[in-house]
Amino acid sequence: MKSLLEQLPAIVADGKKEAERVMERAESNYRLGLQTRELVIPSKDTNWQDLFKASAKPAANATNVASNRLIYGDNLLTMAALLAGDGHTPSIRGKIDLVYIDPPFDSKADYSSKIQLPSAEIQQGPAAMEQFAYSDTWSDGTASYLRMMSPRLFLLKELLADTGSIFVHIDWHVGHYVKILLDEVFSKDQFRNEIIWKRRVGMSSAVHDSNQFGVCTDTILFYAKTDDAKFNVQYNKDSNEYQEYIRSRFTNTDENGRRYQPTSLVNPAYRPNLIYDYKGYKSPPNGWMITKEKMEQWDAEGKLHFPDNPTGRLRRKSFADELKGMPVQNLWTDISEINSQAEERLKFPTQKPGALLERIINSVTDEGDIVADFFCGSGTTAAVAERLNRRWLVGDLGKPACMVTRKRLIDQDAKPFLYQHIGDYQVEQLRSTMGSKFRIGDLAEIVLGLYGALPLPIEENPNKNMGRVQGSKTLVLADSPNKMTGLATLRRAIEIRDNLMGGWDKVVVLGWNFSPTIGHDIEALGQGERLEVLVIPPDLLDRLKKKGHKLKAEEVRFSSLQYLQLGAVKREKQEVGESLSISIANYVLLTPEALNLDESSREKLQRVINKDPLALIEYWSVDPDYDGEVFRSAWQDYRGNVESDGDPHRIVTTARLVGLPQKEGARRVCVRVVDVFGFEAEATIEVA
């Protein structure tokens with residue numbers, strides 16, 4: 001087997017080819033798009049008398065390329081969509097000023113998470129999509145990790161402006177190999193710094209009873225795209241080194257108590273026009289550094305140091321409080337990792353301190369520049385960029401990461417931003433799994449087989465998407481991954497059930513993507529047990545890619561849909577505007593068997609489902625004027641927002657919006673919830 005060093009040239013070449021394919025598609029008629037899931041207008045529920053803040057916020061335009069964006073999905077597809085652009089948002093190729101990425105760099109990392117419910121703690125493994133992405137990343141150790149990184153680095157270079165820079169946060173596991181990749185992609189000439197960040201201090205950095213020294217540092221590799229890249233020198237006043245410099249050098253104090261050190265006023269070169277005596281002090285041979293007029297001005301301002309010895313040299317007072325600080329070098333020892341008591345701590349395993357991102361962002365960007373992070377984790381990059389008045393664009397493959405980031409931005413009252421995801425995600429995965437010439441019918445046939453259905457005769461089933469459960473009068477219909485399973489699909493399924501081949505007792509619809517109102521559509525059709533709608537596992541394509549024909553039906557679980565039920569709704573006119581209150585009555589979770597839980601956690605979850613289903617809601621939001629296209633999240637509450645009810649494990653169940661603009665006729669109100677596992681549900685109601 002080839003060594004890793006021998007594999008590197010092929011890894012780089014393959015990554016470049018993959019990136020070129022992505023860019024070719026970005027310029028073709030078939031382009032991958034981003035779908036806007038929410039326009040979030042932060043207005044956190046703080047108490048039930050809280051004024052509705054959205055009216056005071058600037059209305060964000062969903063078609064504006066400058067809109068800040070949080071994107072859920074595989075970052076390779078995210079970058080493809082950003083390079084392509086669409087009718088609403090043009091390509092941002094060459095527009096990003098800073099890319100900071102902190103990719104997972106430990107093959108033994110535990111991507112499971114703990115979910116604290118009011119009456120139980122549940123241990124959840126990574127979601128299906130994350131699980132397969134991480135297993136792909138490390139399937140062949142460091143080599144597969146570098147194969148994952150290579151095309152992404154080429155695409156990131158395309159997204160960067162000529163004045164832009166990239167910072168790649170890495171550690172000792174793979175840092176030296178990633179440096180080689182970066183040298184190939186950005187060129188060794190554009191390498192600026194290997195920054196060493198000392199993230200741990202004291203005893204915690206030691207490895208006791210070990211045969212090696214403790215590891216207390218990470219590496220951040222800094223590259224510019226071109227020689228024209230921006231750079232702003234950063235200064236530090238808090239370091240011990242700087243404080244010692246002030247103590248040892250600035251030993252004089254003026255009449256106002258300001259510390260200063262006398263510094264030379266001698267011109268380094270001969271300047272005859274600056275040769276003059278001043279108050280009895282002889283001119284140096286080369287002349288002074290400043291004109292006589294300037295000397296008089298500095299004298300009047302108390303900026304001159306007159307020596308006690310009349311034969312001494314006249315000097316300038318350099319004040320300590322006028323110094324910017326010690327210029328920051330490539331060894332960063334003054335920023336500690338987030339400790340257990342830190343106010344900014346979010347209990348997210350890879351969270352980086354805000355001070356770290358603040359230094360990076362300030363060093364290579366100006367206000368209004370675009371900052372991007374495609375492994376955004378807890379959202380530190382977006383949060384700091386928002387605070388520093390930069391535009392930002394962040395994304396992550398993990399639903400928990402996107403939920404934490406969204407809540408964090410709402411918490412800091414960010415400007416309106418878009419929450420987006422990859423359009424036709426399953427189709428993209430399908431192309432990757434079955435090749436560009438795939439046929440939807442072939443996939444439907446596979447799905448039916450895994451459900452346990454036998455295909456109907458081809459003359460009755462030309463699209464290969466219908467089957468029957470042996471020994472029963474149950475018809476099974478597998479919907480296409482590039483369609484949204486909604487009311488039209490259900491009506492067609494009922495019609496086929498009642499008329500095809502003499503009719504059937506029941507129809508089961510298997511879907512990939514669902515309209516947000518699917519639960520209400522099922523209820524409205526009133527078919528009872530004669531209509532069942534199930535979710536095709538979102539990781540099925542990944543599993544087919546890995547196992548192919550070896551994947552067995554008993555290994556695949558088709559789940560029921562989650563469902564949101566609204567309670568009391570009240571709309572009233574006020575002296576100024578109107579008010580709206582809307583309650584959540586019930587939430588039915590996706591089948592627990594579909595979740596990556598151990599048996600103990602599954603039992604705990606079932607008890608919560610039976611007793612306290614609303615405790616499963618992580619986040620919910622309200623659009624008081626839903627247009628059916630872009631959900632404008634104008635009010636939010638979430639677990640952890642203790643200002644609303646004092647309970648960190650529950651949301652408030654009633655939204656009260658005050659000060660809404662008056663509206664004639666019915667108001668179409670839409671409510672969306674996200675549960676603790678990242679599943680979403682929606683309900684819409686017309687309020688007179």
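**Salt bridges in a predicted model**

Good morning. I begin with one pair: the side chains of E682 and R672 form a salt bridge, with an N to O distance of 2.4 Å. The partners come from distant parts of the chain, with E682 in strand β34 (residues 680–687) and R672 in strand β33 (residues 667–675), 10 residues apart. Is E682 buried or exposed? Its relative accessible area is 4%, so E682 is buried. R672 is likewise buried, because its relative accessible area is 4%. Please keep in mind that this is a predicted model.

That pair belongs to a wider set, as the structure holds 36 salt bridges. In general, side chains of opposite charge can pair when their charged atoms come close.

My next example joins R152 and D74, whose side chains meet in a salt bridge at 3.1 Å, N to O. Here R152 sits in helix α4 (residues 142–159), while D74 is in the loop between β2 (68–72) and α2 (75–84); the two are 78 residues apart. Both R152 and D74 are buried.

The third example is the salt bridge between the side chains of R530 and D498, at 3.6 Å, N to O. R530 lies in the loop between α14 (518–525) and β25 (531–535), and D498 lies in helix α13 (residues 487–499), so this pair ties together parts that are 32 residues apart in sequence. R530 has a relative accessible area of 35% and is therefore partly exposed. D498, at 38% relative accessibility, also counts as partly exposed.

Finally, I turn to a group of residues. R571, E578, D625, K663 and R667 are linked in a network of salt bridges. Thank you for your attention.

Key: Residues are numbered from 1 along each chain as its sequence is written. This is a predicted model: local features need pLDDT of at least 70, side-chain atom pairs count only at pLDDT 80 or more; totals for chains, interfaces and linings use all residues. Side-chain values use heavy atoms; hydrogens and water are left out. A salt bridge is a side-chain nitrogen of Lys or Arg within 4 Å of a carboxyl oxygen of Asp or Glu. Helices (H or I, at least four residues) and strands (E, at least two) are DSSP runs, numbered from the N terminus. Buried means under 20% relative accessible area, exposed over 50%, partly exposed in between (1.4 Å probe, protein chains only).
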